[in-house]
Amino acid sequence: MLAIADGDRHGYGIGKEIEAQTGGAVRLGPATLYRTIKQLVIDGFIAEISRDREQESDDDERRRYYRLTPHGREIAAAEARRLADLVVVARARRLLPAASLV
């Protein structure tokens, strides 16, 4: 969901964004990527959107674009808060270095 939190993307673009966000540590194969996208749509976390013809001028017509739904944004924000809380605990237990003030 983080891959589309800042804007709409097509499936392949979501995969490339995930790869970029993880420094290449996570590379989803097409079957895994599209199965996950399908489940996120079913769960109501993301939605397939239609694109204007102007936006599609240089795009392949077969591409499907996805957007984070309001519910999906709430879920992603809650998960981000949960992970941030875990980072605080990990720092308190000296598993991670203290946060820099830069």
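A polar contact is a pair of N or O atoms within 3.5 Å; within protein, one of the two must be able to donate a hydrogen and the other to accept it, and residues adjacent in sequence count only if both atoms are side-chain atoms. Keep that in mind for the side chains on this tour.

The model you have open is predicted, so local features need pLDDT of at least 70 and side-chain atom pairs count only at pLDDT 80 or more, while totals for chains, interfaces and linings use all residues. Residues are numbered from 1 along each chain as its sequence is written, and side-chain values use heavy atoms, with hydrogens and water left out.

**Stop 1: the sheet**

Switch to a cartoon view and select residues 9-10, 46-49 and 65-68. These are strand 1 and strand 2, together with strand 3. Helices (H or I, at least four residues) and strands (E, at least two) are DSSP runs, numbered from the N terminus. The three strands form an open sheet in the order 1-3-2, with antiparallel pairing. Strands 1 and 2 are the edge strands, each pairing on one side only. Two strands pair if DSSP finds at least two bridges between them.

How many bridges join strand 2 to strand 3? There are four, and the two strands run antiparallel. One place to look is E48, whose bridge partner in strand 3 is Y66. On the other side, two bridges join strand 1 to strand 3, again running antiparallel.

**Stop 2: R9 and H10**

Now select R9, in strand 1. Is R9 buried or exposed? R9 is buried, because its relative accessible area is 19%, and buried means under 20%, exposed over 50% and partly exposed in between (1.4 Å probe, protein chains only).

Show the side chain of R9 and look for two polar contacts. The side chain of D6 is reached at 3.1 Å, and the side chain of E17 at 3.4 Å. Across the sheet, R9 stands opposite Y66 in strand 3. Leaving out residues up to four places away in sequence, R9 touches A3, I4, I14, E17, R64, Y65 and Y66; contact here means heavy atoms within 4.5 Å.

Move on to H10, also found in strand 1. H10 counts as buried because its relative accessibility is 13%. Which residue of strand 3 is the bridge partner of H10? The partner is Y65. H10 is in contact with Y65, R63 and R64, not counting its neighbours within four places in sequence.

**Stop 3: helix 1 against helix 2**

Select residues 11-21 for helix 1 and 30-42 for helix 2. Two packed helices are described by the angle between their axes and the distance between the axes. Here the angle is about 110° and the axes are 10 Å apart. Axes are lines fitted to C-alpha atoms, for helices over the stretch in contact, and angles run from 0 to 180 degrees between N-to-C directions. Helix 1 and helix 2 are therefore roughly perpendicular to each other. For these words, under 35 degrees is roughly parallel, over 145 roughly antiparallel, 65 to 115 roughly perpendicular, and the rest oblique.

To see where they meet, highlight G11, Y12, I14 and G15 of helix 1, then L33, Y34 and I37 of helix 2. By class, this contact has five nonpolar, two polar and no charged residues. Ala, Val, Leu, Ile, Met, Phe, Trp, Tyr, Cys and Pro count as nonpolar, Asp, Glu, Lys and Arg as charged, and the others, Gly among them, as polar.

Next, colour the buried residues of helix 1: G11, G13, I14, G15 and I18. They pack against strand 1, helix 2 and strand 3.

**Stop 4: E19, T22 and the end of helix 1**

Stay on helix 1 and pick E19. With a relative accessibility of 21%, E19 counts as partly exposed. Setting aside residues up to four places away in sequence, E19 touches G24, V26 and R27.

Then select T22, in the loop between helix 1 and helix 2. T22 is partly exposed, at 31% relative accessibility. Its side chain reaches back to the backbone oxygen of E19 at 3.3 Å. Helix 1 is followed by G23, whose phi is positive, near 60°.

**Last stop: R94**

Finally, go to the segment after helix 3 (70-92) and select R94. Most residues other than glycine have a negative phi. What is the phi of R94 near? Phi of R94 is near 60°, a positive value in a residue other than glycine. R94 is exposed, with a relative accessible area of 77%.
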